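Trainee: I have a structure to read and hardly know where to start. Can we go through it together?

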Amino acid sequence: MKKIMHPYDITHETDMVEPLDYNRQSRLKDVDRSFKAEITNIIRLTDMEKLFQIRMVDDNDWQRFTFLPGQFVMLELPGYGEIPISFSSSPTIKSTIELCIRKTGKVTEALHRAKRGGIVGLRGPFGTYFPMEQMKGHNILLIAGGLGLAPLRAPISYVIENRADFQNVNILYGARDPSNLLFDYQYEQWNRIDDITLQVIVENPNKAWTGPVGMITKLLDDVTVPPDQTYAIVCGPPIMFKFVCNRLNAMGIPMQRMFVSLERRMHCGMGKCCRCNIGSSYTCIDGPVFDFWTVMNLKEAI
Amino acid sequence: MLYKTIDKEDLKNLIDVHLHDVECIGPRQVGTNAKGRPLYQFLPVSSFDDMDLDYDTTEYSAKTYFLPYKEVLSTFHFDDSGWTQDITYRKHPRIIVGLHRCDINGLVKLDKVFAKEFHPNPYYLSRRGNTLIIGIGCHKHCEGGFCSSIGSDSVTHGFDLFLTDIGDRYFVKVGSDRGFNALNKINVRDISDEDRNQYLSNRNNFESSFKKTVKVENLPNLLDIEFESEVWKKWGDKCMSCGSCAMVCPTCYCYGVTENLSMDFKKSEKTKQLYSCNLYDFAQVAGGHNFRPARETRLKYRYYHQHRGFVETFGQPMCVGCNRCSRVCLAGINPTEVIRDIQMEHGR
């Protein structure tokens, strides 16, 4: 007798979009597949943060892997868990991706014990990005507080590599105390580039500190930019970008030209688990990069 | 859509004959509550007579057959050479008989999230693709149900067959080719004028007995305006943050993922577990910061997502008005009362 129902095997389905992209529907059967990637180098930044250089093991997968500054990747540590991490490097560097990771939870603590050659998993990239194309031809304010320099380093690198496309660039960075400063070995290099100005401020200086002291907004006192020709990217804790963005707004920069990156707990990265929901938006698919006007309209965002 | 009629006896034959090769789920009475009301659940059946298709409502929704409370997403195997990841999807067909309109509408809403948005979900799709859904129209108003207020008292798709009781036979809406082929195994007739009239009169009776009890059209706007309302504090103080409402809800789909290492360190299962936005650590991030530490903000968020966030994305509320969350709530929080309270706040 004929059966009432036939088994349906989704693995016989073909992928939906060619060529395979990593970000959208194409990998129907692989939404939970973590692509193997090797930790090729580990750079110690502070006591709490390390920079991991990572590259996919399979060359074909690696060739197809592209991302944009501001996006994030789900980093899998088999046996421990999966965490969302923003890219800290520019997409134009084809040899590795760089992820700056603070030791703060179960997965990141395990990751900080990992050694070169360790194999982790990557899923993604996911999320929205800083509209670097749209920013071309304008002045750029890149403002970071604390760990916010990790995601901000992607647009910083992008701007440096495409220096001719942008007008004046101001990088402002604030940290709690000098020992918290990330990527301090690169400040000199950034500052020497034509028309890129880097200023660093700390709240609690030590004896060796000779730079400015105070909150990040203090650095804005000395910044004069034509507001109608300026874009801003602000990364940091919500309280920090709220003050900074209100200040930028007072300077006359349109709110839709200020971009912030929000952080929430994520379990899927694909708008399914709802954990990163803010108001009625998902940080993983509507964000993590939002313009400040959108953020102002999100309930509970700041 | 195609319409057919079948004898009631033939439905029984259809199920009983195929029970040996396909799992069948249906509404079964599992006990009675303190007031003597029979309690039903969707459970596997071994014969058609195990089911009671005359049931009013089930305590849990049938969501669990599409989004299990716990589901292994993938398994990591460890050996000396490193790790490998195994992913398997459901391949076994099954039939679910007796879903009411609210539950089918719940599935249609889940389809929007898991089947149609970008990043379609293969775990859900393989379960959906392996499940034949035979729905049935309810004719008794279940306790507190407000489906007609929210527009889920009619169903146009999301099922394979949908039955309406018209005396000694069923009026059948055929929703898919699978459903059509299933019908071919029994005596099936084209509908007569009498069948049609009987169906329409049943439908009229049903519509006139299901009154609108709450207005939801203004909620997307109201929830935004009343975000800081004292009403949330009032209901939040009652809420025990147990998450029962999300467990029984036909559409609540949020989840958490954990990895569970085996005792011999040979494998680790990446497990998805349904969660609830009312649980304390729902929005807690690494480092310990909690974006919604207060009960009232978590309770508010559930309404905000159902009646504003989902409406913004999909043009309809996520709630189907089955009232299961109210029946299961330990603190007696009733969604229609919360909604009316918010609307009262507005009128004041």
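Mentor: We will take chain A, then its core, then the place where the chains touch. Keep in mind that this is a predicted model.

Trainee: How many helices and strands are there in chain A?

Mentor: Chain A has eight helices and 14 strands. Its radius of gyration is 21 Å, close to the 19 Å that the globule rule gives for 302 residues, so chain A is as compact as a globular protein of that length. Along its principal axes, the C-alpha trace spans about 85 × 40 × 35 Å.

Trainee: What percentage of the residues in chain A are buried?

Mentor: Start with the general idea. In soluble globular proteins, nonpolar side chains tend to be buried together. Now the case here. Of the 302 residues in chain A, 48% are buried.

Trainee: Which residues touch the most other members of the largest nonpolar core?

Mentor: That core has 172 residues, and Leu142(A), Val234(A) and Val260(A) touch the most other members. Take Leu142(A). Beyond its neighbours within four places in sequence, its contacts include Leu152(A), Pro155(A), Val169(A) and Ile233(A).

Trainee: How many residues of chain B are in contact with chain A?

Mentor: The count is 51 residues of chain B, in contact with 40 residues of chain A. Several elements of chain B give two or more residues to that side, among them β4 (70-79), α2 (101-116) and α10 (295-314).

Trainee: What classes of residue make up the side of chain B that touches chain A?

Mentor: Sort them by class. That side has 28 nonpolar, 16 polar and seven charged residues.

Notes:
Residues numbered from 1 in each chain as written. Chains lettered and ligands numbered in written order. Predicted model: local features only at pLDDT ≥ 70, side-chain atom pairs only at ≥ 80, totals over all residues. Contact = placed C-beta atoms within 7 Å. Helix = DSSP H or I, 4+ residues; strand = E, 2+ residues; numbered from the N terminus. Nonpolar A, V, L, I, M, F, W, Y, C, P; charged D, E, K, R; others polar. Rg over C-alpha atoms; globule rule 2.2 N^0.38 Å. Buried ≥ 20, exposed ≤ 12 C-beta atoms within 10 Å, placed from the backbone. Core = buried A, V, L, I, M, F, W, Y, C linked by C-beta atoms within 7 Å.
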